[in-house]
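Trainee: I would be grateful for a close look at the charged side chains of this protein, and at how they are placed relative to its buried parts.

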Amino acid sequence: MAEVAVAGAIIRVDELSLWLVKSWFNFKRIEIEIEELRKGLNTIKVYLKEKDTEDTQCLELRSYSYVRDLALEIQDEIEDLMYEATKRPCHLPQGSKFVYASMFRPSKRFSSRMKAIKCKIRTIDALCICLSHVRTVRSSSDLFLGDEHLVGIEKHIKPLLSLVCLEESSDKVISVIGDAGSGKTTLMSEVYHMLNSEFNCKAWVSLSRSSDGLLDKLCEALELPHKIEKLRSYLQHKKYLLVLDDIWNENEWNWIKNVLPSNNTGSRTIITTRIRSLGSYCASSSHYIYDLNLHPLTCEEAWELFCDMAFQDGKCPDFLVDWSVKIVKRCEGLPHAIVTVGKFLSNKQQSMMEFKKLHDSLQYEPENPFTHSFYRILWPSYHHLLPNLKFCFLYFGVFPEDYSIKCRRLIHLWVAEGFIEQKRVKTLEQVAYEYLDELIQMSLVQVSRWDLDGRVRSCRVSNLVRGFILSETMKDNFLTVVRRQHTSLGGEKIQRLSLHNCSPSILQSKDLSYLFTFSLFGGDNRIESLPRSFFRKFRVLTVLDLENAALHHFPEEVVKLNFLMYLSLRNTKIESVPKSIKKLQNLVILDLKKTLVTIFPMEIIKLRKLLFLLVGGQEAQDTYQAAVGAQVPSGIGCLTMLEKLSLIKANDKNQSIVKELGNLIRMRELGITELKVEDGKNLCASIEKMEHLCSLYVNSASKEEYLDLNYVTNSPQLINSLILGGRLEEIPVWICKLNSLSKIELKWSKLQNSPLEALQALPSLKELHLCDAYTGTVMEFSAECFSELKMLEIEQCNRLNKVVIQERALPKLQKMTIKKCDSLVMVHVTKNLLSQLEQVLVPQDLISIIKG
């Protein structure tokens, strides 16, 4: 965790450098101190990356603690300096000697403190060199569950054996993928010992945490001299079985692949990994991938395994059933977790108190024998993460247990926290999604919901992984979670604070001057009941997440938080935004979705750093209601950093709003309502300039108002989501050329010609929603049309009386909904289509099977 603390200090140093460049305050002496500080921290980070391990000796632990404390000290000093700088009276001119005098004292103190800190860094630098010679070795034997505990493993043995023993002369590589603790090693051990007569020679190599000495291990397993030529020669004409247990990166695989001969004798190489993308990379084809996550323990298997381990006769006493069920549920089907907790309980007194104590400790108690044992199998995954990814992973601890997090919210928070590394060509949001994908591939994060385009909509971490996260965050004060009303916050300086189901009133007597993240979940979240002085405690706050809080008014004191970058008041009852919002000059993300805000003050255009401005009233209850946007002032076009702007009103007398949108060339997501027919030409001109636009939402001023969008000649080719609400004479031609379009929704279009003809050839279309979009009587899907479509919704087309889906149409359709079409009498579908559908929301008496 010292590595994370040092990386956090580097982020603060970079922020200070950027702040000095952009501010009126400029002292060369401080800039030099900062550059030397950055070099020292980066040197330490390189050493820590190699040595950050939970198996460190006591002497090393004390050293790491020393590094961590120093990193936190550096962050505090930087925050103190920046805070003092922002206290300059705004009425003083920039070059005033009074300004210089007011800043001289804190800058002099900062330089003095930096000298002392640099001395400590030099000491640590020498210490790290010594520690780099210390090697930590971990036996892989403690990762086996044991051959006697194969409950739930049996169902995997036969399909895996069938892959290994396929009658093919060509050599094959098989990937066995599974989460930490899912039983990969145990399964492979069982299969490995079954395969004695099928192969001329066998070798098992545990890569564990490092590929150091990989060739030595392989040669040792085959009892060969340490020479690549000898190895190749030995295996050249043999049918061999090689198991590479716990592989971590492509380089390891590429090395071993180049060493092994390709002799087409039917040899098999089996790799086990918890990284899905790596498993796909190594396998001969998708057919040779066996994913344990697709076949988890059933509830019955998990219960049987637990009882076998926890009770001598394999039976759970009646009085312990309730607590045992809760414990098994918390283990979430992971064999290693169930075996470990069962072994632990088998040596304890069989009482409700003992079982309850164990259940409660599963949330997180780092010193608990069980949690320590389970966390050891998670450690390699965590160790392999780069520092920025470690930050992102640890941030999941902010959210409550069993909480499914919307990816957009998570991504926005990561961006505001400064965890995302800037890369050329890509936006911070794009890089953040890559980070999330990597955590999912590493099996550290679970996907709660996918969209039909294969993108992650929401995600979570398992209860046990969350416990690991909280145990790690406690080590370096990365995050403080308060879950009970009377929890003591301790004496350390709190950096990130998340309240779960308790009132913020418990913080009134706490020192929050070093807090830079505050979030609130559930419970008594009545912020307005607190005194106005409450927000003054947040001296250097960067992230304020009050989503779902009991708020009826914008908290005025918030505008004094000079460092605030993220402000979310989503799903609160606030009705207006004060003019003083202009003071939040560092604000990057302002989320007012699902509030009652319908107008922004002129001062909003002063926030030149805004990337995301999200607003829009409570979502419509049915598709006949238009979503409510917010009115923005003229001048919105000067917010040229904006990438997301949704939902805003277009009802400006001079049509200047839709014209100004053309200045926002970085726009990726745009939502605009109350568009009039005369606004169409200007909107089209603006859209053409947004070459990065991915999502477009347009609603007309009323359901009877026409949308005139026929003026686009060079459409943004990245658009994947398009929602149009309003009358259409016809579907604009440019829409039919959007090859990336994945989702389209037409509302109130009242088209006289069927929209299917214009849309059926779109190559990427997966969702089609038609609401009051067609006034004809027949809608026919011809053969070969909509080749990628997975979801079809037809609603409120009141003259429609027949829907026909021909043979070979909609070959990938999964969900079909047809409702509120008053004149509909028949839906003709093929038997094949009906059998492939996962969800059919169509009145059964209307469905007619086409013979074919």
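Mentor: The protein exposes about 37300 Å², and carbon and sulfur atoms supply 50% of that area. The model is a predicted one. Buried residues make up 56% of the 852 residues, and the secondary structure comes to 23 helices and 28 strands. Among contacts between residues at least 6 apart in sequence, 62% join residues at least 24 apart.

Let us turn to the charged pairs. Side chains of opposite charge can pair when their charged atoms come close. A search of the whole structure finds 23 salt bridges. One of them joins the side chains of Lys423 and Glu434, with 3.8 Å from N to O. Lys423 lies in the loop between α17 (407-417) and α18 (428-441), while Glu434 belongs to helix α18, so the pair ties together parts that are 11 residues apart in sequence. Both partners have some access to the surroundings: Lys423 is partly exposed, with a relative accessible area of 32%, and Glu434 is partly exposed as well, with a relative accessible area of 30%.

A second pair to consider is formed by Lys750 and Asp772, whose side chains meet in a salt bridge of 2.9 Å, N to O. Lys750 sits in the loop between β20 (743-747) and α22 (756-759), and Asp772 in the loop between β21 (767-771) and β22 (778-781), so this salt bridge ties together parts that are 22 residues apart in sequence. The partners fall into separate classes of burial. Lys750 counts as partly exposed because its relative accessibility is 22%, where the buried class ends at 20%. Asp772, with a relative accessible area of 6%, is buried.

The loop between β20 and α22 also holds Pro755. This proline is buried, with a relative accessible area of 1%. Leaving aside residues up to four places away in sequence, Pro755 touches Ile731, Leu746, Leu770 and Tyr774. Leu770 is 15 residues from Pro755 along the chain, and their C-alpha atoms are separated by 8.9 Å.

A further salt bridge links Lys560 with Glu557, the closest N and O atoms being 3.6 Å apart. Here too a partly exposed lysine meets a buried acid: Lys560 has a relative accessible area of 48%, and Glu557 has one of 5%. Beyond such pairs, Arg408, Glu429, Lys644 and Glu669 are linked in a network of salt bridges.

Not every buried charge is paired in this way. Glu660, in helix α20 (residues 656-660), is buried yet has no salt bridge. The nearest side chain of opposite charge is that of Arg608, 9.6 Å away, whereas a salt bridge requires a nitrogen and a carboxyl oxygen within 4 Å. Apart from residues up to four places away in sequence, Glu660 touches Ser634, Gly635, Ile636 and Gly637.

Arg608 leads to the surface. Together with Lys579, Lys582, Lys583 and Lys606, Arg608 gathers in a patch of positive charge there. Within this patch, Lys582 is placed in the loop between β13 (566-568) and β14 (589-591). Lys582 counts as partly exposed because its relative accessibility is 40%.

For contrast with these charges, consider two buried parts. Helix α16 (residues 387-394) has 7 of its 8 residues buried, so it is largely enclosed by the rest of the structure. The buried residues are Pro387, Leu389, Lys390, Phe391, Cys392, Phe393 and Leu394. A lysine, Lys390, is thus included in the buried set of α16.

The other buried part is Leu813, in the loop between β24 (802-805) and β25 (815-819). Leu813 is buried, with a relative accessible area of 1%. Its contacts, not counting residues up to four places away in sequence, are Leu789, Lys790, Met791, Leu792, Leu833, Gln836 and Leu837. The C-alpha atom of Leu813 is separated by 8.7 Å from that of Ser787, a residue 26 places away along the chain.

In review, the charged side chains described here include salt-bridged pairs such as Lys750 with Asp772, a buried glutamate without a salt bridge, Glu660, and a positive surface patch to which Arg608 belongs.

Note on methods: Residues numbered from 1 in each chain as written. Predicted model: local features only at pLDDT ≥ 70, side-chain atom pairs only at ≥ 80, totals over all residues. Heavy atoms only, no water. Patch = residues over 30% accessible without salt bridge, like charges linked within 9 Å, V, L, I, M, F, W, Y side chains within 5 Å. Areas by Shrake-Rupley, 256 points an atom, 1.4 Å probe, with all protein chains shown as cover. Lys, Arg positive; Asp, Glu negative; His and termini not counted. Charge placed at Lys NZ, Arg CZ, Asp CG, Glu CD. Helix = DSSP H or I, 4+ residues; strand = E, 2+ residues; numbered from the N terminus. Buried < 20%, exposed > 50% of the residue type's maximum accessible area, 1.4 Å probe, protein only. Contact = heavy atoms within 4.5 Å.
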